[in-house]
Amino acid sequence: MNGTPKTLYEKVWAEHVVKSYEDGTCLLYVDRHLVQEVSSPQAFAGLDAAGRRIRRIDAHVSVADHAVPTRDRAASLRDGLAARQVERLVQNTGKYGMPYIPMRDRRHGIVHVIGPELGFTLPGAVLVCGDSHTCTHGAFGAIAFGIGASECECVFVTQTLRQRQQKTMRILLEGQRPEGVEVKDLILAVIARIGVGGGVGYAIEYAGSAVRDLSMEQRMTLCNMSIEAGSRIGMVAPDEKTFDYLRGRPLAPAGEEWDRAVAAWRGLASDADATFDREVMIDVTTLAPFVSWGTTPEECSPITGRVPDPAAEADDARRARLQRSLDYMALTPGMALTDVRIDRVFIGSCTNGRIEDLRLAAAVVDGRRVAGHVSAIVVPGSAGVREQAEKEGLDRIFLDAGFEWRSSGCSMCVAMNDDRLSEGERCASTSNRNFEGRQGKGGRTHLMSPPMAAAAAISGHLADVRTFGIGA
């Protein structure tokens with residue numbers, strides 16, 4: 001059995017199985033647990049009620065990100081629920097002695113940004129968090145997935161979870177990206193191809209020449225939106241880029257431990273003759289920048305396209321779905337996407353709030369001004385990203401262009417803090433979801449890459465960044 005060819009996912013899974021059950025599930029050991037304010041209160045309450053302790057304090061790192069204000073760190077949280085969530089996390093972590101990163105700490109940030117920054121995310125690990133975009137960490141060759149409150153409690157107490165092994169899917173992205181096409185466009189193209197349910201029941205491995213060419217930050221964006229295709233798990237095999245990124249990080253191995261770790265991590269690639277349950281290949285050389293026009297990430301098109309006409313859809317259920325999306329988004333069938341006027345721009349999130357994202361956006365807005373009717377904000381994914389951006393002068397570029405420059409947090413990605421859309425407002429967003437009400441009740445979201453969002457801010461409408469003369 002040991003000689004059977006295995007995929008990356010299967011190798012990491014096998015190393016973490018504590019016990020197998022007759023129903024096909026396995027008890028899986030969990031190496032790392034990221035804790036935030038939204039999903040943890042019930043888990044801590046369960047510990048309190050049962051008088052249990054946390055098995056391995058060193059396996060957890062906690063931070064508040066969804067509910068925190070990004071405009072003024074010194075001000076108290078205005079939203080009552082948000083304030084209670086953050087305060088409860090502070091109290092719970094203090095009671096149990098769990099590492100907690102305060103809002104004003106220079107290590108603060110969105111949980112899926114700071115995990116890799118700290119070196120808490122490692123290849124070959126099983127990492128969980130009470131947030132669906134935990135799949136981000138699979139960019140390092142980890143099995144990383146979101147869990148619920150009861151599962152958080154289980155990890156606290158036992159450091160294990162009972163799980164069912166997923167089928168495997170390999171998505172091959174081949175070729176060189178054209179000018180103006182970013183990794184956000186790649187993952188939107190994937191979701192448009194396989195659908196929001198295409199990855200259900202599968203662990204996805206991204207491979208191919210285009211993936212090997214990506215930086216670690218770009219790979220995080222790619223894996224981050226695996227959940228938008230229905231998969232809880234997205235992975236990329238670790239390589240020299242992975243090791244270079246992690247070397248010297250505060251919580252990464254050091255010295256002889258580092259050498260041993262890298263030696264083990266080099267064996268994590270899928271075997272050449274490993275079998276996947278499904279394979280999808282996309283030639284990235286044919287792609288253009290994408291934007292979403294509907295209310296799921298699947299409902300997106302190249303920026304050169306037009307709003308689809310539900311009347312052209314033969315399937316009754318799909319036609320009704322399209323009509324509902326267009327009604328909510330207030331779009332007319334056949335209109336050019338570049339004619340869609342916007343009110344707000346959000347550059348940030350665990351998908352696109354890293355330093356490389358901000359550099360791309362800044363290159364577009366440098367020397368230009370945000371359209372007069374547009375309100376635009378840039379929210380770095382972590383305090384570290386903000387600090388680096390300010391060292392490079394990116395903050396001044398954004399401010400001079402008319403953007404607001406904020407502190408780290410989830411911000412307008414999700415309407416759980418002070419940053420949200422008003423009813424009917426339309427936003428060009430670098431976040432991951434465009435569901436109804438995701439950015440605020442009645443708000444309308446168009447997903448796109450950071451340079452595309454920057455182009456929209458300058459133009460005042462959805463725009464093709466390639467017309468700005470900015471290289472890829």
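Start by selecting Glu182, a buried residue with a relative accessible area of 6%. The model is a predicted one. Now add Arg177: its side chain and that of Glu182 meet in a salt bridge, 3.4 Å from N to O. Arg177 counts as partly exposed, at 23% relative accessibility. Burial is judged against a cut-off of 20% relative accessible area, so Glu182 at 6% falls under it, while Arg177 at 23% does not.

**The largest cavity**

Keep Glu182 selected and add Val183, Glu217, Gln218, Thr221, Asn352, Glu356, Asp357, Leu360 and Pro450; together they line the largest cavity. Its volume is about 70 Å³. Show α8 (216–224) and α13 (355–365) as ribbons, since each supplies at least two residues of this lining. Coloured by class, the lining shows 3 nonpolar, 3 polar and 4 charged residues. The structure holds 3 cavities of 30 Å³ or more.

**The second largest cavity**

Next select Tyr9, Trp13, Phe145, Gln163, Arg164, Gln166, Arg232 and Ile233, which line the second largest cavity. The space inside is about 50 Å³. Two elements, α1 (8–16) and β8 (160–164), each contribute at least two of the lining residues. The classes here are 4 nonpolar, 2 polar and 2 charged.

**The loop after α8**

From α8, follow the chain into the loop that leads to β11 (233–235) and stop at Glu228. Is Glu228 buried or exposed? Its relative accessible area is 3%, so Glu228 is buried. Which residues does Glu228 touch, not counting those up to four places away in sequence? They are His133, Ile191, Val196, Pro297, Asn432, Arg433 and Phe435. For a distance check, pick the C-alpha atoms of Glu228 and Thr296: they are separated by 8.3 Å, with the two positions 68 residues apart along the chain.

**The nonpolar cores**

In soluble globular proteins, nonpolar side chains tend to be buried together. For the largest nonpolar core here, select Phe44, Ile143, Ile171, Leu173, Tyr206 and Trp265; of its 78 residues, these touch the most other members. Then show helix α6 (residues 183–194), which gives the most to this core, with 8 residues. A second, separate core has 50 residues, including Val113, Leu337, Val364 and Phe468.

Return to Phe44 and display its surroundings. Leaving aside neighbours within four places in sequence, Phe44 is in contact with Val35, Ile54, Leu89, Asn92, Thr93, Tyr96, Met98 and Phe156.

**Helix α4 and the largest pocket**

Select α4 next: Val111, His112, Val113, Ile114, Gly115, Pro116, Glu117 and Leu118 are its buried residues. Because 8 of the 8 residues of α4 are buried, the helix is largely enclosed by the rest of the structure. Val113, one of these, also belongs to the second core. Step on to Gly119, which follows α4 and has a positive phi, near 80°.

Gly119 also leads to the largest pocket: among its 26 lining residues, Glu117, Leu118, Gly119, Arg249 and Pro250 lie nearest the centre. About 550 Å³ of space lies in this pocket. To trace the lining, show β4 (60–63), β5 (100–101), α4 (111–118), α13 and α14 (383–391), the elements that give two or more residues to it. Helix α13 has already appeared on this tour, in the lining of the largest cavity. By class, the pocket lining divides into 12 nonpolar, 4 polar and 10 charged residues.

**Salt bridges**

A search of the whole structure finds 27 salt bridges. Start this stop with Asp105 and Arg107, whose side chains meet at 2.9 Å, N to O. Arg107 is partly exposed, with a relative accessible area of 41%.

Move to Arg466 and Asp464, which form a salt bridge with the closest N and O atoms 2.8 Å apart. Where do the two partners stand on burial? Arg466 counts as partly exposed at 31% relative accessibility, whereas Asp464 counts as buried at 12%.

Finish by selecting Arg71, Glu404, Arg406 and Asp419, which are joined into one network by salt bridges that share partners.

How values were computed
Residues are numbered from 1 along each chain as its sequence is written. Side-chain values use heavy atoms; hydrogens and water are left out. A nonpolar core is a set of buried Ala, Val, Leu, Ile, Met, Phe, Trp, Tyr and Cys residues joined through side-chain atoms within 4.5 Å. Buried means under 20% relative accessible area, exposed over 50%, partly exposed in between (1.4 Å probe, protein chains only). Helices (H or I, at least four residues) and strands (E, at least two) are DSSP runs, numbered from the N terminus. Contact means heavy atoms within 4.5 Å. On a 1 Å grid over the protein atoms alone, a cavity is a set of points where a 1.4 Å probe fits but cannot get out, and a pocket is an open set with protein on both sides within 12 Å along at least five of seven lines; lining residues have an atom within 4 Å of a point. Grid points are joined across faces, edges and corners, and a volume is the space filled by probe spheres set on the points. Ala, Val, Leu, Ile, Met, Phe, Trp, Tyr, Cys and Pro count as nonpolar, Asp, Glu, Lys and Arg as charged, and the others, Gly among them, as polar. A salt bridge is a side-chain nitrogen of Lys or Arg within 4 Å of a carboxyl oxygen of Asp or Glu.
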